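Please open the structure in your viewer and keep a selection box ready. The stops below each begin with something to select and then describe what is found there.

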Amino acid sequence: MNLKKFFKRLFITLFVLIAVISLTIGVVLNVVFTPEKITPIAEKAINDQLKAEVHCDGVELTFFSTFPRFGAKLRGTYIKSLNTGTEKDTLATFSSAVISFNLYQYLKHNNIVIKEVKIDKPKIYAFMGEDGRTNWDVMKATDPIDTIETDTSSLVINDISIEKFEIDSAYLAYEDEVSHLTYRVNSFSLHVKAAKEKGKLHFAVLTDSKDVQAYYKGRSVYKLSNIGADMTFDYDSARGNVLLASKDITVNDIHFKGSGTLIPKPKERKLDVNLKTSLATNSIDHFLALVPRHILSKEEIETSGKVKFDVDIIGSYGNGELPEIDFVAEINDGSLAYKNFPGKITTLSTAMEGKFYPKDSKPSYVNVKNLRVKGTGIDIEGQGNANDITQVAQIKAKVKGDIDLTELYKKFPMDTSVMLRGKTKIELNSEFSMDQIQQEKYHEINASGIIDMDHVVVLSRRDSLLFFSKSVDLNFYREQKIYNKTAARLNLDSTELHYKYNIDFKAKKLEVKALADKVADRKAIINVDANMESVKAEMKSDSLTLLLRRAKFTGTLHPSTEEQQAYLISDFTIDSVGIKQASNFVGIRQGSYHVRLDKKAPKIWLPKGNIQFTRMFGKIAKLDGPVFMPATKLTFENDNFTLDHTTLKYKDSDVTLTGKLEHAIGFFRGTMVTASLDLEADYINANQLFMAFAGMETSEEETTAEVQNPTVTADSTTFQSGEGAHAFRIPDSLQFNFTTRINKLKLGYSDFDEIQGNLKVKNGNLYLNNFKLKTLAANLDADVVYTASDNEKANIDFKFYLTQIEMSKLNQFLPPLDTLFPMSKSFVGKVDFRVKGKAELNENLEMNTKTFKGIGALKARDIMVMDGPTFTELAKTFMFKNKELNPIESLEAEMEFEGNDVNILPAVLEIDRYKLALGGTQHLDMTFDYHISVLESPVPFKTGVDVSGDVDDYNIKVTKAKYKYYFTDKKRLQDKADSTIINKKASIKRELNFN
């Protein structure tokens, strides 16, 4: 056979075979062993092997992605430990994990040999209680001789082993109630390989942790950028111990090596530890890696000296026990220099030792001896110790030194992003205990020394830091002559601080003196005096700016006692101050403040006190104009204010307020603001106030655009001149209650006098209750509810009672009557008119007549009807005398407003020798359909007239008297009238209290 043909056939045969096998496996995995069938079996098997509750959203078998092994992919999984029985028992959650295993081992020996486990980005929570119980001890004790059978009857497992385990980019939290330490790692990776040898288990472990945070008893202790380890563990089952050896342990780029023995004691729930760790090298170069490269160059550096750092950990860990930790650190004969640069650190040395005893069996301590740094521009020496550091730490420290930043910068290879200038002198000597600080016994702190800076400039562009000061003088001392008190004094001259493009601080002059004074319970009162001049502070992230021209501050900090928390009493006088937040600004001239701050939480102080000033100016971006407040006194507690005849001026309005304003911070945050105030005013321009309300609902972008491009529209021009009103939406966050007394108010084109009543703002609505006011036309009682969803359209629900208003002026007060009730212009005289209804308002607060729905009624005595074309025709028809003014003894009418129409219910009027009943419909298009019934006349019979059309083209038709049964005293005739009309007339009178 041709060799070429042979290989060709062989290749085709193998290809077909592989294709058939792949197809078969694909069919088996996707048709026979589907996730729906596999998931409950696998979940049950896993739960039988663990002391934990494991749930999977889905389990699917894999082959091609884990080739050449079979595998399983777990989706939506959580593992919940059954050991703790608390909310801290969820060990891990992850969206997906892939497991590959040796299928032959299971088919041949009923052993599950897991070749590899990969878990990507899980969340892991590890917990150890005070009794040593953990939530990660989830493996059941197994005997390889016994066979474990599940209730699936088809699944038998003798043993489980894992050869490789990987976790990548996990979030890890570990809480240890034994040591009171908590760790949080934002990116944790762990790779473990396991191998069986003769009587031993060998584990190779590679781990890496980034962005590590450590807490002790809930307080922030330390932050590490990275921790890593490359180590091995060998478990000797005969001796029952674990031998540990490390290739490398990294903490913030410092490398260690370690070895030792671990002896697990499962029954006692603890681990015996004997570990020794030391630096991987003893070169001083090892520590230079800690200094950022842009601060200290690592190129062409020459060093000398030796470094030693040893840590020994011996004892038991777990079940409430901790091991002893002993460390020693030394730097001997160190020096540092650069080629081609004259600067050199000629002396670098220190010695440090410490020991931490578990459960405070002995006082733990740290000692620092002979710290010495000397060289070009630097001369520092110090020493110190801290005893009983896990309890009430007793600390002694002494530091003395001079730093010439200018010389240091010139003679060392600084990065171009760094600049240093000036000279600094430090001389500090302190002795204190932590309980003196925690218990606020500041007067017992023994601290003395100075920190002086002369023309110092520190610039680091990469850290976005700039500090400049002509002079900084910080002095600690014991005031021994009279009281033996601890004191401090700080003087700043022409100082600036700029940090992270966020914080900017400038002060021409700042003088602060602080003195700790002992009180009866041995705690300290701290008295502070400060003088400030030309201070500017900005926090750009909050768009906050403070401008202070000149100020004096005195304050006293009282410590906490058994009866109350700490509090601060202060007095503050200023020449002028301005505070700006975004586009909002408040300026105060010649102010004084008396403030008390009460401590409610570690970072929460609640203020109360009073403010006095000669003048305040405020500008809120969403208000179309500034607010002025003349000399006044405000009392406040937190952001709640009490006002006593406080005057506010906004544009043409001038009001005086008395009462309470609460949660004022809500004006800026958009949260609830409440007020209960008496409002008195000589003059209020409601048009301008309405526009202010409308502006408060505009977006920040709209406000910014208006500030940058103040184009005035036709509407705003009308409004700013005070000639028109504008629809406005009231913020839901305002809840106000005003009792008002206003001499004059302008609304739209109308002026109102002697206004009294209750005004409420609630849930975005405006309520006027029992309002009484005067206009040129009449006295008015009103109840109004105003609602608006935006600044273009609003709704009004109103009730108006007008007393003795000229009939001809009804339409001036309520413009829709001009089209819906035009006959009012034909009468001369005064009436009582009441109307109740609802309508939509457009953006100019004009009522949309088409949406007007309501009821009305009027009563009149001795009024006149003017002669006109229609009246003349009617006079001819009824044959009564027609005069220029025709007297009407009385008129009572009820009406219904239905958008396009007004329905005038039958009403009686007497004119000349006639008694007439009038009713009908007036349409919005100015056409009408009226009927007039003659009830009494010189003619001895009743008749009627229909009048229809409009004022220019109308028809008069004689017909039957439709209303002859509505106005009679005879019961027999009354029964013939339409009861619905009679009831409707009575209902309108009753609803309007017009009986």
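**Aromatic pairs and what surrounds them**

Select Phe572 to begin: in this predicted model, its relative accessibility is 22%, and it therefore counts as partly exposed, since that class lies between the buried limit of 20% and the exposed limit of 50%. Add Phe553, which is likewise partly exposed, with a relative accessible area of 21%. With both side chains displayed, the ring centres of Phe553 and Phe572 are 6.0 Å apart and their planes stand at 70°, so the pair is edge-to-face. Colour the two strands next: Phe553 belongs to β28 (residues 544–558) and Phe572 to β29 (residues 567–581), so the pair ties together parts that are 19 residues apart in sequence.

Move on to Phe736 and Phe738, which make another edge-to-face aromatic pair, with 5.7 Å from centre to centre and 90° between the planes. Here both Phe736 and Phe738 are buried. A search of the whole structure finds 16 aromatic pairs, and a further selection of Phe256, Phe309, Phe327 and Phe356 shows four residues that form one aromatic cluster.

Two arginines can be selected together with the rings that they cover. Arg596 lies over the face of Tyr567, at 3.8 Å from the ring centre, and Arg834 lies over the face of Tyr801, at 4.2 Å from the ring centre.

**The nonpolar cores**

Select Leu679, Phe736, Tyr786, Phe798, Phe800 and Phe833, which are the residues with the most contacts inside the largest nonpolar core, a set of 106 residues. Centre the view on Tyr786 and, leaving out residues up to four places away in sequence, look for the residues that it touches, among them Ala727, Phe728, Ile730, Leu766, Leu841 and Leu845. The neighbours of Tyr786 also include Gly764, Asn765, Ala794 and Asn795. A second core, separate from this one, has 42 residues, including Phe94, Ile249, Ile254 and Ile284.

**Polar residues in strands**

Which strand holds Gln922? Select residues 914–923, which make up β46, and Gln922 will be found within that strand. Gln922 has a relative accessibility of 1%, and therefore counts as buried. Its side chain reaches the backbone oxygen of Thr927 at 3.2 Å.

Glu166, in strand β9 (residues 164–176), is the next residue to select, and it is buried, with a relative accessible area of 9%. Display the side chain of Lys164 as well, because a polar contact of 3.1 Å joins it to the side chain of Glu166. Setting aside residues up to four places away in sequence, Glu166 touches Glu116, Val117, Lys118, Ile119, Leu190 and His191.

Is Asp333 buried or exposed? Select it in strand β17 (residues 324–338): Asp333 is exposed, with a relative accessible area of 68%. Apart from its neighbours within four places in sequence, Asp333 is in contact with Ser304, Gly305, Leu348 and Ser349. A distance label drawn between the C-alpha atoms of Asp333 and Ser349 should read 6.1 Å, although these residues are 16 apart in sequence.

**Positive phi angles**

Select Gln590, which sits in strand β30 (residues 584–601) and has a phi near 50°, a positive value in a residue other than glycine. Then go to Asn638, in the loop between β32 (627–637) and β33 (640–650), where phi is near 60°, again positive in a residue other than glycine. Asn638 is partly exposed, at 28% relative accessibility.

For the last of these stops, select helix α15 (residues 979–991), whose 13 residues reach 18 Å from the first C-alpha to the last, close to the 18 Å expected at 1.5 Å a residue. Just after α15 comes Asn993, which takes a positive phi of about 55°.

**Stepping back**

Clear the selections and show the whole protein as a cartoon, with its 15 helices and 49 strands. Of its 995 residues, 39% count as buried. If contacts are limited to those between residues at least 6 apart in sequence, 50% of them join residues at least 24 apart.

How values were computed: Residues are numbered from 1 along each chain as its sequence is written. This is a predicted model: local features need pLDDT of at least 70, side-chain atom pairs count only at pLDDT 80 or more; totals for chains, interfaces and linings use all residues. Side-chain values use heavy atoms; hydrogens and water are left out. Helices (H or I, at least four residues) and strands (E, at least two) are DSSP runs, numbered from the N terminus. Buried means under 20% relative accessible area, exposed over 50%, partly exposed in between (1.4 Å probe, protein chains only). A polar contact is a pair of N or O atoms within 3.5 Å; within protein, one must be able to donate a hydrogen and the other to accept it, and residues adjacent in sequence count only if both atoms are side-chain atoms. A nonpolar core is a set of buried Ala, Val, Leu, Ile, Met, Phe, Trp, Tyr and Cys residues joined through side-chain atoms within 4.5 Å. Contact means heavy atoms within 4.5 Å. Rings of Phe, Tyr and Trp (its six-membered ring) pair if their centres lie within 6.5 Å; planes under 30 degrees apart count as stacked, over 60 as edge-to-face and the rest as tilted. A charge sits over a ring if NZ of Lys or CZ of Arg is within 6 Å of the ring centre and within 35 degrees of the ring normal. The expected span of a helix is 1.5 Å times one less than its number of residues.
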